[in-house]
Amino acid sequence: MKRVYSHDNPFLVFNIRNILENNGVRCEIKNDIMSSAAGEAPPIEVWPEVWVIRESDYQRADQLIEEAIHGDPKATSWFCQNCSETNAPAFELCWKCGEERP
């Protein structure tokens, strides 16, 4: 097993785990209940962590985390040909008129 992500916000850690698992990367969370030890141990040592189970998945997990945190650099906004509205890259339908992305 290998650690791929750690953060002081457990919601982000669980979200990263969900993204990895939805993309076929088996992982587990460690330190999810260690926050009660904060003060007795250095804060960064008690942050929740995501660990990949198979080391061969590490590179793929790292790539998925990078895309989740910083977005896909190839993604661009798109222009709706029906209503002339500009839509965010994540939208498959125009937010204004519901037209499908070309």
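Which strands does α2 lie across, and at about what angle does it run to β1? Select α2 (58-70) in this predicted model. The helix α2 crosses β1 and β3, and its direction is about 5° from that of β1.

**The sheet**

Now select β1 (2-6), β2 (27-30) and β3 (49-52). These strands form an open sheet of 3 strands in the order β1-β3-β2, with antiparallel pairing. The edges belong to β1 and β2, each with a single partner strand, so one side of each has no neighbour in the sheet. Look along the sheet for the twist: it averages 30° from one strand to the next.

Zoom in on β2 and β3. Their antiparallel run is joined by 4 bridges. Pick I29 and look across to β3: V50 stands opposite.

**The other helix**

Add α1 (10-22). The helix α1 lies across β1, β2 and β3. Against β2, α1 runs at about 170°.

**The core**

Nonpolar side chains tend to be buried together in soluble globular proteins. Where does that show here? Select V4, Y5, L20 and V50. The largest nonpolar core has 13 residues, and these four touch the most other members. At least two residues of this core come from each of β1, α1, β2, β3 and α2.

Stay on L20 and display its contacts. Leaving out residues up to four places away in sequence, L20 touches V4, V25, C27, V50, A61, L64 and I65. Among them is V50, the residue facing I29 across the strands.

**Charges over rings**

Which ring lies under the charged end of K2? Show side chains for K2 and Y58. The charged end of K2 sits over the ring of Y58, at 4.3 Å from the ring centre.

Next, take K30 and W51. Here the charged end of K30 is placed over the ring of W51, 4.4 Å from its centre.

What about rings paired with rings? A search of the whole structure for aromatic pairs returns 0.

**Last stop: S84**

Most residues other than glycine have a negative phi. Select S84 for a positive value: its phi is near 70°. Where does S84 sit? The residue S84 is in the loop between β4 (78-79) and β5 (86-87). Is S84 buried, exposed or partly exposed? With a relative accessible area of 49%, S84 counts as partly exposed.

Methods:
Residues numbered from 1 in each chain as written. Predicted model: local features only at pLDDT ≥ 70, side-chain atom pairs only at ≥ 80, totals over all residues. Heavy atoms only, no water. Phe/Tyr/Trp six-rings, centres within 6.5 Å; stacked < 30°, edge-to-face > 60°. Lys NZ or Arg CZ within 6 Å of the ring centre and 35° of its normal. Buried < 20%, exposed > 50% of the residue type's maximum accessible area, 1.4 Å probe, protein only. Core = buried A, V, L, I, M, F, W, Y, C linked by side-chain atoms within 4.5 Å. Contact = heavy atoms within 4.5 Å. Pairing = 2+ DSSP bridges. Axes fitted to C-alpha atoms, helices over the stretch in contact; angles between N-to-C directions.
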